[in-house]
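Please load the model in your viewer and keep the sequence panel open beside it. The tour moves from one selection to the next and says what each one shows.

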Amino acid sequence: MWGTVGGDDVDGSAGGTGQGGAPRVRMPSGAGLSRRSVVTMLGVGLAAWLSGWAEGTVSASPRPGGPGIAAGPGRDGSAIAAPPTPVARTQVVPPPPGKPIALTIDDGYAPQVVAGYVEFARRTGVHLTFGPNGTYASAWAPQAGVLRPLIDAGQVQIMNHTFSHRWLTQIPAGRIREELERNEQWIAATFATTSRPYWRPPFGAHNAAVDAVARDVGFTRPVMWTGSYGDSTVVTPQFLLDQARRYLTAGRIVLGHANHPTVLGLFDQISSIIRDRGLQPVTLDEFFGTRRR
Ligand SMILES: [Zn+2]
């Protein structure tokens with residue numbers, strides 16, 4: 001249950017492919033690790049963390065034989081050439097027990113869907129991670145007052161999905177840096193938190209050069225996904241629920257979008273799937289054993 005996979009779905013546009021890379025610090029994807037494995041992992045993780053190693057794509061392992069998830073290309077060690085970037089606000093802590101699942105919700109160009117997701121989190125206490133784009137600030141700003149205490153409590157986490165959702169593989173380094181830093185500044189001002197070190201490239205489009213630029217500004221952990229509602233474009237409720245049933249399994253990072261209202265009528269059914277399967281929704285910090293301070 002160790003390893004990495006690429007995304008199986010594109011984020012916002014048909015036809016692209018997410019890429020995975022081998023993480024330098026591999027994290028457990030679910031239950032069943034021996035105590036020794038966990039201790040070994042923590043030791044390696046802590047050493048990597050303290051030494052400021054550059055880290056590769058962070059993603060969860062699918063269950064063996066899981067449907068529709070192709071292994072991504074591994075990365076070699078050349079990416080380590082960038083200077084170490086200290087990440088002072090996170091520390092390695094034990095991974096969550098049980099059957100963790102990381103729900104990640106990106107974008108946010110529909111204010112009512114953003115509001116619906118935030119209300120879902122507030123009402124149910126579900127742990128999740130948002131990847132908002134600052135370009136949709138008008139949709140997120142009205143929710144900041146509700147979100148801040150949830151973030152403070154560690155129920156909700158914010159990762160960096162860039163400010164204006166460009167293909168980072170097609171723009172110069174300076175603009176990549178600006179996309180990440182501008183979004184981080186907006187996140188800090190709006191939600192009073194930092195998104196570092198987690199970031200998700202729009203459309204899942206990244207490579208070693210993009211990762212190096214991100215790393216230089218403190219975004220050392222690109223986060224892909226290992227399951228998706230497939231709702232970056234408009235889908236039917238039946239399709240979205242089928243995706244949810246398929247991918248809401250232990251150890252996955254599941255991608256959804258706050259873009260189209262289809263999901264708004266499905267929160268109770270999604271909650272039922274999670275509950276019936278005994279899954280424990282967690283933030284990325286909880287999933288990977290990091291924390292804010
Ligand atoms: Zn996106």
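What follows begins with the whole chain and then goes through individual elements.

**The whole chain**

Select everything and colour by pLDDT, bearing in mind that this is a predicted model. The average pLDDT of the protein is 77, and 67% of the residues score at least 70. Now select residues 1–56, over which pLDDT stays under 50 and for which the model has 140 contacts beyond four places in sequence. Residues 61–91 are also a stretch where pLDDT stays under 50, here with 68 contacts beyond four places in sequence. Switching to a cartoon display, you should find 9 helices and 8 strands in the protein. Of its 293 residues, 48% count as buried, and among contacts between residues at least 6 apart in sequence, 82% join residues at least 24 apart.

**Strand β1**

Next, select residues 100–107, which make up β1. How many of the residues of β1 are buried? The count is 8 of 8, so the strand is largely enclosed by the rest of the structure.

Three strands can be added to the selection as partners of β1. Strand β8, residues 280–282, is joined to β1 by 3 bridges and runs parallel to it; within this pairing, Pro100 stands opposite Gln280. Strand β7, residues 253–257, is likewise parallel to β1, with 5 bridges between them, and here you can pick out Asp106 opposite His257. Finally, 4 bridges join β1 to β2 in a parallel arrangement, where Ile105 stands opposite Phe130. If you follow the chain from β1 through α2 to β2, you trace a β-α-β crossover that is right-handed.

**Helix α2**

Stay with the connecting helix and select residues 111–124, the 14 residues of α2. At 1.5 Å a residue the helix should span 20 Å, and a distance drawn between its end C-alpha atoms gives 20 Å, which agrees. Which residues of α2 are buried? They are Val113, Val114, Tyr117, Val118 and Ala121. Turn the view to look down the axis of α2: these buried residues fall within an arc of 135°, so they line one face of the helix. The general background is that an α-helix has 3.6 residues a turn, so residues three or four places apart point the same way.

Rotate to the other side of α2, where Gln112 and Arg123 are exposed. To see what the buried residues pack against, show β1 (100–107), β2 (128–132), α3 (137–140), α4 (144–152) and β3 (156–158) together with the helix. Just after α2, stop at Gly125, which takes a positive phi of about 75°.

**Strand β7**

Return to residues 253–257, the strand β7 that was paired with β1 above. This strand is mostly covered, with 5 of its 5 residues buried. In a regular strand the side chains alternate between the two faces of the sheet. In β7 you can colour Ile253, Leu255 and His257 on one side and Val254 and Gly256 on the other, and both faces turn out to be covered, since these residues are all buried.

Val254 is a useful residue to centre on: it is the bridge partner of Leu103 and also the bridge partner of Gly227. The second of these pairings leads to strand β6, residues 227–228, which is joined to β7 by 2 bridges and runs parallel to it. From β6 the chain passes through helix α7, residues 237–247, to reach β7, and this β-α-β crossover is right-handed.

**Two single residues**

Select Arg196, in the loop between α5 (173–191) and β4 (198–199). Is Arg196 buried or exposed? It is buried, because 23 other C-beta atoms lie within 10 Å, where 20 or more are needed. Then add Thr220, which is 24 residues away along the chain, with its C-alpha atom separated from that of Arg196 by 7.8 Å.

The last stop is Asp152, in helix α4. With 13 C-beta neighbours inside 10 Å, Asp152 counts as partly exposed. Select Arg292 as well, and draw the C-alpha to C-alpha distance: the two residues are 9.5 Å apart in space and 140 residues apart in sequence.

Definitions and conventions:
Residues numbered from 1 in each chain as written. Predicted model: local features only at pLDDT ≥ 70, side-chain atom pairs only at ≥ 80, totals over all residues. Expected span 1.5 Å × (residues − 1). Buried ≥ 20, exposed ≤ 12 C-beta atoms within 10 Å, placed from the backbone. Arc of directions from axis to C-beta. Contact = placed C-beta atoms within 7 Å. Pairing = 2+ DSSP bridges. Right-handed = clockwise from strand over helix to strand, strands pointing away. pLDDT = per-residue confidence, 0-100.
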